[in-house]
Amino acid sequence: METRKLGTELIVSALGLGCMGMSGTYGKFDDRESISTIDQAVDWGVTFFDTADAYGSGHNEELLGKALKGKRDRVIIATKFGLGKVGGILQPGQGIPVSGSPAYVKSACEASLRRLNVDVID
């Protein structure tokens with residue numbers, strides 16, 4: 001698998017796996033099938049995995065954490081935050097609240113680390 005340099009230190013596979021669709025964004029989801037897909041991607045040399053706390057209201061990060069357990073030394077994990085929630089659910093058509101306050105950034109990162117079951121987000 002070809003690689004690419006991100007920034008000054010990260011080396012990732014040229015092909016990454018965006019995991020948003022594995023948590024109901026596009027319809028029904030199946031955790032076993034998603035984990036199998038992630039496993040196959042790792043076996044094929046994919047090292048870059050992208051998620052966000054908003055995908056499935058945290059489910060996607062939990063799924064990725066479970067799928068990559070024991071493989072952490074071989075992968076790079078990217079996650080995003082910043083979209084606020086109203087009543088726990090993103091409200092389409094009503095404008096999505098956005099937050100970048102220091103307190104929110106800290107709490108979002110801590111929650112993502114916990115859901116991903118990792119010590120660091122790459």
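So, burial to start with: of the 122 residues in this chain, 34% are buried. Please keep in mind that what you see is a predicted model. On the outside, the chain exposes about 7500 Å², and carbon and sulfur atoms supply 56% of that area.

Now the layout. There are five strands and three helices, and reading from the N terminus the order is β-β-β-α-β-α-β-α. Take the contacts between residues at least 6 apart in sequence: 64% of them join residues at least 24 apart.

Let's go inside. In soluble globular proteins, nonpolar side chains tend to be buried together. Here, the largest nonpolar core has 17 residues, and those with the most contacts inside it are L17, I38, F49, L64, L68 and I77. Two of the helices, α1 at 31-43 and α2 at 59-67, each supply at least two residues of this core. Which element gives the most? That is α1, with four residues.

If you click on F49, you can see much of this for yourselves. Setting aside its neighbours within four places in sequence, F49 is in contact with L17, C19, I38, A41, V42, L64, L68, V75, I76, I77 and A78.

Next, please turn the view to α2. How many of its nine residues are buried? Seven of them, so the helix is mostly covered. The buried ones are H59, N60, E61, L63, L64, G65 and A67. And what do they pack against? Their partners are α1, β4 at 48-50, β5 at 76-78 and α3 at 102-116.

Let me take the two helix partners in turn, beginning with α1. The axes of α1 and α2 come within 10 Å and cross at roughly 55 degrees. An angle from 65 to 115 degrees would count as roughly perpendicular and one under 35 as roughly parallel, so this pair is oblique. The crossing in which α1 passes α2 is right-handed. On the α1 side, the residues that meet α2 are D31, S34, I35, I38 and D39, and on the α2 side they are H59, L63, L64, K66 and A67.

The other partner is α3. Its axis and that of α2 are 7 Å apart, and the two helices pack at an angle of about 45 degrees. That angle makes α2 oblique to α3 as well. Here α2 uses E61, E62, L64 and G65, while α3 brings S112, R115 and L116. You may spot L64 again: it is in the list for α1 and in the list for α3.

Over to the strands for a moment. V12 sits in β2, residues 10-13. Is V12 buried or exposed? Its relative accessible area is 4%, so V12 is buried. Leaving out neighbours within four places in sequence, V12 is in contact with E2, T3, R4, L6, T47, F48 and I76. The C-alpha atoms of V12 and I77 are separated by 9.9 Å, with their positions 65 residues apart along the chain.

Last, two backbone details for those of you who like torsions. S57, in the loop between β4 and α2, has a positive phi of about 50 degrees although it is not a glycine. At 47% relative accessibility, S57 counts as partly exposed. N117, in the segment after α3, is another non-glycine residue with a positive phi, near 55 degrees. The relative accessible area of N117 is 56%, so this residue is exposed.

Notes. Residues are numbered from 1 along each chain as its sequence is written. This is a predicted model: local features need pLDDT of at least 70, side-chain atom pairs count only at pLDDT 80 or more; totals for chains, interfaces and linings use all residues. Side-chain values use heavy atoms; hydrogens and water are left out. Buried means under 20% relative accessible area, exposed over 50%, partly exposed in between (1.4 Å probe, protein chains only). Contact means heavy atoms within 4.5 Å. Accessible areas come from the Shrake-Rupley method with a 1.4 Å probe; for residues, only the protein chains shown count as cover. A nonpolar core is a set of buried Ala, Val, Leu, Ile, Met, Phe, Trp, Tyr and Cys residues joined through side-chain atoms within 4.5 Å. Axes are lines fitted to C-alpha atoms, for helices over the stretch in contact, and angles run from 0 to 180 degrees between N-to-C directions. Angles under 35 degrees count as roughly parallel, over 145 as roughly antiparallel, 65 to 115 as roughly perpendicular and the rest as oblique. A crossing is left-handed if the near helix is turned anticlockwise from the far one by less than a right angle, and right-handed if clockwise.
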